Amino acid sequence: MTVRVPKAELPRELEEAMAARFGGVPEPVEVLFNHPALAAANQEFSAKVASWHAVDASLKSFAHMAVAALVGCSWCLDVGYYQAQHEDLDMAKAGQVPRWRDSEVFSPLEREVMAYAEAMSVTPTAVTDEQSASLLAQLGPAGLVELTVFVAYANMSTRANTAHGITSQGFSESCEVPPAVRPEAAGRA
């Protein structure tokens, strides 16, 4: 698959910052920069989302990768795995997110978070009162609200990337432990 929207030229400072952070410029940034005001707003909101700390970073990382695996966003899985390594998260777990239901490495809370992320990501949403109540008891009101908005943001990102034809750029190739492949997602973007 090829990118469906031409890549825009980035301001030099931004291009250098992205290359320093990721070792290359992320294609979603290049595509969104066709609309500079939208790209800037997306980067600002993304930075704010990253600054929230009511929920453990690994739970949010697993939730985002669960959404990416469900939606079929290979770019999000690729960069999510890369970021997990650079944030010192548990790589053995991060690598198993695409097949979390079959893996034995996750705690009950991690499983609940990924199930919640998937339930939010299907249409119509399939979140149950029981899921919400259990996560509310474990994460608290601020945590559940943060997780919910974080998963909604992950859905926006994954769906925009797949609609734009953006696929893996190979960021995760630098990771020591390769990510698992979700069998039913093979062949998706």
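## Exercises on an all-helix model

Read along the sequence, the protein chain runs α-α-α-α-α-α-α-α. Helices (H or I, at least four residues) and strands (E, at least two) are DSSP runs, numbered from the N terminus. This is a predicted model, in which local features need pLDDT of at least 70 and side-chain atom pairs count only at pLDDT 80 or more, while totals for chains, interfaces and linings use all residues. Residues are numbered from 1 along each chain as its sequence is written, and side-chain values use heavy atoms, with hydrogens and water left out.

### Exercise 1: the overall fold

Work out how many helices and strands the protein chain has, and how its radius of gyration relates to the globule rule.

*Solution.*
- Step 1. The secondary structure comes to eight helices and zero strands.
- Step 2. The radius of gyration is taken over C-alpha atoms, and the globule rule is 2.2 Å times the number of residues to the power 0.38.
- Step 3. For 189 residues the rule gives 16 Å, and the radius of gyration of the protein chain is 16 Å, so the chain is as compact as a globular protein of that length.
- Step 4. Along the principal axes, the C-alpha atoms fill a box of roughly 45 × 30 × 30 Å.
- Step 5. Of the 189 residues, 45% count as buried. Here buried means under 20% relative accessible area, exposed over 50%, and partly exposed in between (1.4 Å probe, protein chains only).
- Step 6. Take contact to mean heavy atoms within 4.5 Å. Among contacts with a separation of 6 or more, residues 24 or more positions apart account for 69%.

### Exercise 2: helix H5

Check the span of H5 against its expected value, then find which of its residues are buried and what covers them.

*Solution.*
- Step 1. The expected span of a helix is 1.5 Å times one less than its number of residues.
- Step 2. For the 13 residues of H5 the expected span is 18 Å, and the end C-alpha atoms are 18 Å apart, which agrees.
- Step 3. The buried residues in H5 are Trp-75, Cys-76, Asp-78, Val-79, Gly-80, Tyr-81, Tyr-82 and Ala-84.
- Step 4. Their cover includes H1, helix H2 (27-32), H4, H6 and H8.
- Step 5. Just after H5, Asp-88 takes a positive phi of about 60 degrees, although Asp-88 is not a glycine. Asp-88 sits in the loop between H5 and helix H6 (91-94) and counts as exposed, at 71% relative accessibility.

### Exercise 3: aromatic pairs

Describe the geometry of the pairs that Tyr-82 forms with Phe-22 and with Phe-171, and say where the partners lie.

*Solution.*
- Step 1. A pair of aromatic rings is described by the distance of the centres and the angle of the planes. Rings of Phe, Tyr and Trp (its six-membered ring) pair if their centres lie within 6.5 Å; planes under 30 degrees apart count as stacked, over 60 as edge-to-face and the rest as tilted.
- Step 2. The structure holds seven aromatic pairs. One of them joins Phe-22 and Tyr-82, tilted, with 6.0 Å centre to centre and 40 degrees between the planes.
- Step 3. This pair links distant parts of the chain, with Phe-22 in helix H1 (residues 12-22) and Tyr-82 in helix H5 (residues 74-86), 60 residues apart.
- Step 4. Phe-22 is buried, with a relative accessible area of 9%, and Tyr-82 is buried too, at 10%.
- Step 5. Tyr-82 also forms a tilted pair with Phe-171, at 5.7 Å centre to centre and 50 degrees between the planes.
- Step 6. That pair again links distant parts of the chain: Phe-171 is in the segment after helix H8 (129-163), 89 residues from Tyr-82.
- Step 7. Together, Phe-22, Trp-75, Tyr-82 and Phe-171 form one aromatic cluster.

### Exercise 4: the nonpolar cores

Find which residues of the largest nonpolar core touch the most other members, and which helix supplies the largest share.

*Solution.*
- Step 1. A nonpolar core is a set of buried Ala, Val, Leu, Ile, Met, Phe, Trp, Tyr and Cys residues joined through side-chain atoms within 4.5 Å.
- Step 2. The largest core has 18 residues, of which Phe-33 and Trp-75 touch the most other members.
- Step 3. H1, H2 and H5 each supply at least two residues of this core, and the largest share, four residues, comes from H5.
- Step 4. Apart from this core lies another, of 15 residues, among them Val-67, Val-113, Tyr-116 and Ala-154.
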